[in-house]
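This report describes a model of two chains, taking the fold of one, a helix pair within it, the contact between the chains and a sheet in turn. Please read it alongside the sequence and the coordinates.

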Amino acid sequence: MSLVDRYVAEVGRHLPGEQRADIEAEIRSNLEDMIEDSGEEKVHAVLKKFGDPELLARKYTQKKQYLIGRHWFEIYMEVLKRVLSVALPVSLLVWFFIKFAENSDNLTRVLIQSASASFNIGIHIWFWITMVFVFLEHSGEAPIELNGNAREWSPDLLPQLPKPRQISVGEGITDVIMTLGGVGLVAFSTSLLRVEDVSGNIPLLHPDLWKIWLPVFFGLAGLTLIHDLFKLKIGNWTPALTATNILLSLATIGYLLALVFTQDIVNPAFAAALKNGTPTQMQQSVTWSIWISIAIIIGCYLWSIVNSIVMAKRLPIKK
Amino acid sequence: MANTESLENVVLELRRGVIVLAALSQLGTEEYGYSLLKKLADLGLEVDQGTLYPLLRRLEAQGLLESVWKLEEARPRRYYVISAEGKKLLPKMKKEWAGIVSVMDKMLS
């Protein structure tokens with residue numbers, strides 16, 4: 001009977017856990033009935049009649065057996081590409097400066113360390129974005145062909161023809177994720193951006209910043225998030241959206257410039273805790289890496305302003 | 001070659017449509033999977049195992065059938081029988097079927 005055992009096990013492999021034992025028992029019982037009837041020597045033929053075990057299992061289950069289906073896959077890939085194409089170079093650069101500050105005499109090691117740290121960040125980003133889309137896929141209703149009962153349908157349910165969009169869904173979602181990522185990085189900076197020392201954890205950011213400057217940052221980020229959501233919904237650079245984009249971008253640029261020129265961003269204890277070099281050197285090196293990151297961010301905002309103005313002039317004509 | 005294939009496909013589609021009604025009509029007394037398969041075959045309706053067995057479970061999930069495991073001399077078997085809900089719906093289904101047959105008769109004659 002080993003052939004039957006193997007067949008039943010192969011069907012079970014493709015069944016969800018909670019139904020597996022029951023369906024396996026039923027298939028086995030049906031198979032044995034049929035074998036008894038046709039004769040033991042016909043096992044092969046009987047199994048052949050039952051057909052491909054994977055197909056049989058699929059007829060029993062109506063559950064989705066994939067993580068991300070057709071509906072979300074394209075958007076998922078676009079978001080992934082956009083976020084990684086920004087996050088990886090930036091994190092590579094930042095890590096390069098941090099590692100360089102720690103250990104400036106061994107360039108190869110610095111390169112390898114910053115590359116592997118960025119790779120780690122990339123894996124995290126990939127994982128969490130995937131999780132978001134897995135949730136979206138599996139919280140929605142099942143596609144029609146998997147539902148036993150057809151849903152109530154009328155032509156009124158037909159989606160509108162997609163309106164022309166200047167800002168793709170993927171781009172909009174990317175902005176939301178980037179804003180949330182920035183907030184998360186700063187909000188958890190005491191555990192993410194830090195060094196360990198005999199006296200405990202030393203955060204990168206100057207503790208004084210938490211009094212006024214970081215709360216202001218969260219305020220700005222909150223407004224940016226609202227703007228991002230509207231941008232995702234509207235999908236075009238309408239005058240109102242363009243205006244708020246320019247205002248918010250200018251406010252953020254102003255904030256960052258004021259922060260860089262009037263405040264000590266880096267915790268003095270942080271630089272002192274790094275292993276090599278004199279504290280003054282380290283302080284300079286870390287400060288430089290922060291300045292460069294902020295310069296990149298400001299560059300992005302300037303680009304966003306120019307882009308939104310140019311796109312606003314090419315607004316698709318409304319009917 | 002192509003002709004026999006498309007003929008087979010049409011026949012398969014036609015049969016698939018009537019299996020639900022055929023199974024419900026024969027489950028006034030309880031049957032297990034293979035006995036129902038043979039009963040349908042004896043009456044002249046050849047049904048694929050891979051189609052009939054999952055269908056029985058689906059009908060049970062929809063509340064049209066009830067099932068129970070019984071331990072018999074040879075092996076445990078799952079017996080299916082029409083439920084109260086199924087009994088209520090069967091006459092309506094039969095009426096639908098009679099309607100389809102008379103329309104198709106008219107159309108094909």
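Helices and strands are here DSSP runs, of at least four residues for a helix (H or I) and at least two for a strand (E), and they are numbered from the N terminus. The model is a predicted one. On that basis, chain A holds 12 helices and 2 strands, and its elements follow the order α-α-α-α-α-α-α-α-β-β-α-α-α-α when read from the N terminus. Chain A has 319 residues, of which 18% count as buried. Where contacts in chain A join residues at least 6 apart in sequence, 72% of them link residues at least 24 apart.

Within chain A, helix H2 (residues 17–38) and helix H3 (residues 43–50) have axes that come within 9 Å and cross at roughly 135°. Since angles over 145 degrees would be needed for a roughly antiparallel pair, H2(A) and H3(A) are therefore oblique to each other. Their crossing, that of H2(A) and H3(A), is right-handed. On the H2(A) side the residues that meet H3(A) are Leu31(A), Met34(A), Ile35(A) and Ser38(A), and their counterparts in H3(A) are Val43(A), Val46(A) and Phe50(A). By class, the residues of this contact of H2(A) with H3(A) comprise 6 nonpolar and 1 polar, with no charged residue.

The contact between the chains draws 15 residues from chain A and 13 residues from chain B. Three elements of chain B, namely helix H2 (33–42), helix H3 (49–61) and strand S3 (76–82), each supply at least two residues of the side that touches chain A. The largest share of that side, 6 residues, comes from H3(B). The classes found on the side of chain B that touches chain A are set out below.

| Class of residue, chain B side | Count |
|---|---|
| Nonpolar | 4 residues |
| Polar | 4 residues |
| Charged | 5 residues |

Strand S3 of chain B, which supplies residues to that contact, also belongs to an open sheet of 3 strands in the order S1-S3-S2, with antiparallel pairing. Strand S1 (31–32) and strand S2 (65–71) of chain B stand at the edges with a single partner strand each, so one side of each has no neighbour in the sheet. The antiparallel pairing of S2(B) with S3(B) extends over 7 bridges, and Leu65(B) has Ile82(B) in S3(B) as its bridge partner.

Conventions. Residues are numbered from 1 along each chain as its sequence is written. Chains are lettered from A and ligands numbered from 1 in the order in which they are written. This is a predicted model: local features need pLDDT of at least 70, side-chain atom pairs count only at pLDDT 80 or more; totals for chains, interfaces and linings use all residues. Axes are lines fitted to C-alpha atoms, for helices over the stretch in contact, and angles run from 0 to 180 degrees between N-to-C directions. Angles under 35 degrees count as roughly parallel, over 145 as roughly antiparallel, 65 to 115 as roughly perpendicular and the rest as oblique. A crossing is left-handed if the near helix is turned anticlockwise from the far one by less than a right angle, and right-handed if clockwise. Two residues are in contact if their C-beta atoms, placed from the backbone, lie within 7 Å. Ala, Val, Leu, Ile, Met, Phe, Trp, Tyr, Cys and Pro count as nonpolar, Asp, Glu, Lys and Arg as charged, and the others, Gly among them, as polar. A residue is buried if 20 or more other C-beta atoms lie within 10 Å of its own, exposed if 12 or fewer, and partly exposed in between; C-beta atoms are placed from the backbone. Two strands pair if DSSP finds at least two bridges between them.
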